[in-house]
Amino acid sequence: MRALCWNGINDLRVETVADPGIVNPHDVILRVTMSTTCGSDLHFIDGYIPTMREGDVIGHEFMGEVVDVGRDVKKVKKGDRVVVPSFICCGNCWYCQHDLYSLCDNTNPKAELQEPLLGYPTAGIYGYTHAFGGYAGAHAQYVRVPHADTDCFLVPEGLKDEQVIFLSDAVPTGYMGADFCNIHPGDTVAVWGCGGVGLMAMKSAFLLGAGRVIGIDRFPERLRMAREKVGAETIDYSRVDSVLDMLKELTGGRGPDACIDAVGMEAHGTGAEYAYDRAKQALHLHSDRGEALRQAIRACRKGGTLSILGVYGVMDKFPIGVIMNKGLTVRTAQQHGQKYLPLLLEHVAKGQLDPSFLATHRFSLEDAPRGYEMFKKKQDGCVRAVFLPN
Amino acid sequence: MADKPQESSAPRSPRATRAAPPRGPSPEWEGRDIETAGVREDRDVEPRGGRATAAGASPGIVEQFASAVLGGALLSIGLGRRSLGGAALALAGGGLLFRSFGGQGHGPILEEPRFDTDRGPYEPEVVAGPRVLERSITIQKPASELYRAWRLAENLTKVMGHFADVTTAGPDVQHWRVQGPLGRSLEWDSHIVEEHPGEFLRWESLKGADVPNDGWVRFRPAPGDWGTVVTLRFRFDPPGGVIGDAVVKLLGAVPDTLASKALRRFKSLVETGEIPTTVPNPAARGGGHSY
């Protein structure tokens with residue numbers, strides 16, 4: 001089959017690889033009908049996350065049609081049209097039983113790579129480094145999905161692929177980030193980053209009762225989406241003297257009740273701290289540019305909630321003292337998609353949520369490297385590139 | 001953690017154990033309090049790098065983290081450059097990664113020769129005594145069910161699959177075959193020497209083993225709704241001479257993660273009915289298949 005493979009920093013190629021097959025009894029094989037880029041992919045494409053290997057098939061946000069079924073799969077059937085969260089979860093361990101799916105104990109076959117870093121290994125991810133299991137990714141014609149009965153979600157009839165694809169990662173990640181904020185009716189939530197995850201976090205904050213949502217970014221087309229598609233207010237951080245002052249003024253001097261970071265380790269910013277981060281990261285002296293996160297910490301009201309969705313490594317200059325003195329609650333996780341998908345599919349089916357506007361650009365699989373280039377450089381207003389592998 | 005008693009007053013001596021194998025129940029089975037296992041781990045970690053800091057984290061972890069990130073970055077840059085300089089960068093990065101991911105001296109691996117620990121700093125090259133590997137894991141199943149699963153020959157074969165070919169050689173006798181150094185395989189038969197259904201199982205290699213060894217597995221209730229704490233211990237007693245040296249090297253390289261990996265495989269098998277794997281896995285290397 002054809003698949004998009006990582007071959008080194010900023011070196012993606014579409015190559016011919018072996019077809020996947022059923023390996024374990026709870027596996028299914030999916031014919032991928034649509035997959036999409038994710039900002040977190042850019043971190044290993046740019047070389048900031050270790051344990052990729054040349055030739056790895058990438059891609060973790062996808063949907064498709066079931067074409068082969070392992071012998072112990074009970075619910076999923078051949079021909080089912082399903083969407084699959086990016087984390088592989090067994091459904092049986094203590095963490096899965098407690099809705100902490102991305103912390104699953106049983107799906108990382110290379111736990112020994114991750115254990116020294118994290119203390120305890122997490123769930124595996126499709127196409128996202130060997131520390132996260134080394135599973136082949138989904139920017140491919142076919143993908144193997146382990147633990148299908150836990151991880152495959154049937155798509156209700158009548159929905160288009162574009163409406164459903166982002167339920168694989170961007171929507172549940174954003175929704176979880178808003179869920180973390182313990183939103184009371186009328187609360188103000190500020191979200192750094194108006195990409196797929198950030199926009200979905202904003203939409204989710206409204207669904208969960210927020211009175212005001214403020215999106216922060218610098219790309220006009222993304223800010224426009226936040227205003228027009230989500231109903232948020234926006235701040236272009238490149239055009240104001242101080243995001244903090246703006247947020248303070250917009251909230252009567254209190255600050256937002258909750259701040260969501262949907263940016264991650266390659267944040268952009270202005271001023272001295274950003275210059276420091278940029279220089280150190282370029283020299284690989286540290287892994288993270290944390291300007292957005294630091295800003296969110298300072299902007300949050302006293303006693304508020306900081307919800308971190310961006311992907312980070314090990315950041316220096318992390319202002320824990322600010323968090324402590326302001327009494328902030330920090331909530332963070334990789335997405336527990338399996339917890340949220342039934343509810344989110346219902347929202348989409350009822351028309352309360354339509355993430356399809358994120359899919360600004362469509363490519364065949366053969367053009368996927370160009371898709372990533374556009375996505376990374378945000379050319380032509382690209383928010384998400386989607387691929388049609390078959 | 002800081003106020004937990006040190007166990008230095010009552011160490012168990014492997015030499016004594018070897019000289020006089022216990023009759024009747026093992027002391028490991030009789031010690032019923034799970035928390036005592038934690039205390040013993042504290043002591044076992046100590047010789048490697050002193051007690052953990054007051055915050056509970058070893059400073060080495062930070063260095064490991066830094067090595068991993070930096071190593072990964074260098075590796076990636078190096079691989080990306082495709083030149084001699086790039087290769088050197090990649091090698092440097094790989095070295096750091098290796099270091100950070102357990103190439104040497106991390107974690108409570110417990111393979112120390114216990115009677116050597118008062119002789120000064122740990123040096124893997126001078127290991128001369130038995131290699132002890134002990135790890136615990138918590139599994140979402142009752143102890144009785146886990147015990148039964150462990151006793152099934154086909155399960156043991158799967159659980160040890162990363163390390164050895166284990167086949168049934170008779171009632172309660174298993175044949176172990178490990179790909180050893182110098183192109184030679186190491187083989188032994190082991191038999192069950194102590195059994196407390198639902199709680200404890202101990203085995204020993206029979207006479208003529210290439211690497212004399214013994215081990216036990218223990219099942220104890222975990223707090224709350226966590227299920228059962230399973231502790232697995234292997235002890236290898238490599239022979240002397242050239243082969244012995246090579247075996248020590250092999251045991252230094254392979255089984256650092258032997259106990260933890262076997263437990264992880266067992267856990268996945270009993271909790272989910274399968275062991276996670278990426279073999280085979282589509283990739284643009286190794287003829288289209290990799291892992």
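**Exercise 1. A covered helix**

Task: In helix α3 (residues 111–118) of chain A, how many of the eight residues are buried, and which are they?

Solution. Six of the eight residues of α3 are buried, which leaves the helix mostly covered. The model is a predicted one. The buried residues of α3(A) are A:Ala111, A:Leu113, A:Gln114, A:Glu115, A:Pro116 and A:Leu117. The next step is to look past the end of the helix. A:Gly119 follows α3(A), and its phi is positive, near 90°.

**Exercise 2. The chain as a whole**

Task: Why does the radius of gyration of chain A agree with that of a compact globule?

Solution. Begin with the expected value: for 390 residues, a compact globule would have a radius of gyration near 21 Å. Chain A has 20 Å, so the two agree. Next, take the extents: the C-alpha trace of chain A spans about 60 × 45 × 45 Å along its principal axes. Then turn to burial: 60% of the 390 residues in chain A are buried. Last, consider contacts between residues at least 6 apart in sequence; in chain A, 72% of these join residues at least 24 apart. The secondary structure of chain A consists of 14 helices and 18 strands.

**Exercise 3. Two domains**

Task: Which residues form domain 1 and domain 2 of chain A, and how many residues does each give to the contact?

Solution. Domain 1 of chain A is made of 2–169 + 335–388, and domain 2 is 170–332. Their C-alpha centres lie 25 Å apart. The contact takes 27 residues from domain 1 of chain A and 23 residues from domain 2 of chain A. On the side of domain 1 that touches domain 2, α1 (39–45) and α13 (337–349) of chain A each supply at least two residues. Sorted by type, the residues of that side of domain 1 are 14 nonpolar, eight polar and five charged.

**Exercise 4. The largest nonpolar core**

Task: Where does the largest nonpolar core lie with respect to domain 1 and domain 2 of chain A?

Solution. A general tendency comes first: in soluble globular proteins, nonpolar side chains tend to be buried together. The largest nonpolar core here has 131 residues, and those touching the most other members are A:Leu4, A:Ala140, A:Val143, A:Val189, A:Val191, A:Ala201 and A:Ile260. Helix α7 (residues 196–207) of chain A gives this core its largest share, six residues. Both domain 1 and domain 2 of chain A contribute residues to the core, so it lies between them.

Now take one member, A:Ala201. Not counting residues up to four places away in sequence, A:Ala201 touches A:Gly174, A:Gly177, A:Ala178, A:Val191, A:Ile260, A:Ala262 and A:Leu309.

**Exercise 5. One histidine**

Task: Is A:His361 buried or exposed?

Solution. Locate the residue: A:His361 is in strand β17 (residues 359–364) of chain A. Count its neighbours: there are 20 C-beta neighbours inside 10 Å. A residue is buried if that count is 20 or more, so A:His361 counts as buried. Leaving aside neighbours within four places in sequence, A:His361 is in contact with A:Gly371, A:Met374, A:Cys382 and A:Ala385. A:Ala385 is 24 residues from A:His361 in sequence, but the C-alpha atoms of the two are 4.7 Å apart in space.

**Exercise 6. An annotated span**

Task: Which residues of chain A does the UniProt annotation "domain: Alcohol dehydrogenase-like C-terminal" cover?

Solution. According to the unreviewed UniProt entry, the annotation covers residues 196–266 of chain A. In the model, this span is 44% helix and 20% strand, and its end C-alpha atoms lie 16 Å apart.

Technical notes: Residues are numbered from 1 along each chain as its sequence is written. Chains are lettered from A and ligands numbered from 1 in the order in which they are written. This is a predicted model: local features need pLDDT of at least 70, side-chain atom pairs count only at pLDDT 80 or more; totals for chains, interfaces and linings use all residues. Helices (H or I, at least four residues) and strands (E, at least two) are DSSP runs, numbered from the N terminus. The radius of gyration is taken over C-alpha atoms; the globule rule is 2.2 Å times the number of residues to the power 0.38. A residue is buried if 20 or more other C-beta atoms lie within 10 Å of its own, exposed if 12 or fewer, and partly exposed in between; C-beta atoms are placed from the backbone. Two residues are in contact if their C-beta atoms, placed from the backbone, lie within 7 Å. A nonpolar core is a set of buried Ala, Val, Leu, Ile, Met, Phe, Trp, Tyr and Cys residues joined through C-beta atoms within 7 Å. Domain bounds come from an automatic or database domain assignment. Ala, Val, Leu, Ile, Met, Phe, Trp, Tyr, Cys and Pro count as nonpolar, Asp, Glu, Lys and Arg as charged, and the others, Gly among them, as polar. UniProt positions are given in the numbering used here, feature names are shortened, and annotations may be inferred rather than shown by experiment.
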